[in-house]
Amino acid sequence: MGYRFSDLTDACQQDWRAYLEHDFVRALGAGRLDEDAFRHYLQQDYLFLVHFSRAYALAAYKSQTLAELRHAFEGLKTILDVELDLHVGYCREWGIGEDDLAALPEARATLAYTRYVLDTGCRGDLLDLHVALAPCLIGYGEIANWLNAQASTVRGAANPYDAWIAMYEGDAFQAAMHEERAWLDARLAEVTPERFARLTTIFRDATRLEIDFWQMGLDRAD
């Protein structure tokens, strides 16, 4: 019996839970996250998503079959047409214009994670790249679902961050998350234990960098 995506999260359970249940996430769900912390995160997340679009363009270049090329194209469309579009609109509601976003300097946590993903994709193959991307695409969908399962989560007008949760619990993002998970399950089923160990290292590193990204928001770090 081969590996599945759940084997990656099981192998990195402590880091994975620390990412999904980070203090930033908990405070956001409860509606008590400091607004300046959220605004700083929101600005940096725009830059983060621009680089992730580049990563999916790299996935298209790395594709060896038409099916892989189409999958990369759909991932790129999800970020550009769904996530980035929603993100820009959401930033506008917080008084942050698209020109302001484009002029932002990158925080060190943004640089570290995005360049790690791109470097992993350049050095490795398509599966390496997708595993490095997985904490973002799959993780954000799981975070929205986790928040909805918590009694402490406040929904509706009482939570200024309700639209953020709605973005990632929405049908479009959840469908993209499930499609990516199925794609990974199919490829992981064929890898050797040695290859799985290398992929686990990539996944763990990427998850730790996601934790740092949340912390960057909380600390408003540059």
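## Overall make-up

This protein has 11 helices and 0 strands. Keep in mind that the model is predicted. Walk along the sequence and the pattern reads α-α-α-α-α-α-α-α-α-α-α.

## Size and packing

How does the radius of gyration sit with what a compact globule would give? For 222 residues, such a globule would come out near 17 Å, and the protein has 17 Å, so the two agree. Along the principal axes, the C-alpha atoms take up a box of roughly 50 × 40 × 30 Å.

Of the 222 residues, 52% are buried. Take the contacts with a separation of 6 or more, and 83% of them join residues 24 or more positions apart.

## Surface and charge

The accessible surface adds up to about 10,000 Å², and carbon and sulfur atoms own 50% of that. On the charge side, there are 21 positive and 36 negative side chains. The centres of those two sets lie 4 Å apart.

## Helix α7

Helix α7 covers residues 108–123, which makes 16 residues. At 1.5 Å a residue it should span 22 Å, and its end C-alpha atoms are indeed 22 Å apart, so the expected span and the model agree.

Which residues of α7 are buried? The list runs A109, T110, Y113, T114, Y116, V117, L118, T120 and G121. As for what covers them, the cover includes α4 (35–62), α8 (126–148) and α11 (193–219).

D119 also belongs to helix α7, but is this residue buried or partly exposed? Its relative accessibility is 38%, so D119 counts as partly exposed; the buried class stops at under 20% and the exposed class begins at over 50%. D119 can also be placed relative to A132, which is 13 residues away along the chain: their C-alpha atoms are separated by 9.9 Å.

## T78 in helix α5

Over in helix α5, which takes in residues 66–93, you'll find T78. T78 has a relative accessible area of 16%, and because buried means under 20%, this threonine is buried.

What does T78 touch, once residues up to four places away in sequence are left out? Its contacts are then E83 and A176.

Note on methods:
Residues are numbered from 1 along each chain as its sequence is written. This is a predicted model: local features need pLDDT of at least 70, side-chain atom pairs count only at pLDDT 80 or more; totals for chains, interfaces and linings use all residues. Side-chain values use heavy atoms; hydrogens and water are left out. Helices (H or I, at least four residues) and strands (E, at least two) are DSSP runs, numbered from the N terminus. The expected span of a helix is 1.5 Å times one less than its number of residues. Buried means under 20% relative accessible area, exposed over 50%, partly exposed in between (1.4 Å probe, protein chains only). Contact means heavy atoms within 4.5 Å. The radius of gyration is taken over C-alpha atoms; the globule rule is 2.2 Å times the number of residues to the power 0.38. Accessible areas come from the Shrake-Rupley method with a 1.4 Å probe; for residues, only the protein chains shown count as cover. Lys and Arg count as positive and Asp and Glu as negative; His and the chain ends are not counted. The place of a charge is taken as NZ of Lys, CZ of Arg, CG of Asp or CD of Glu.
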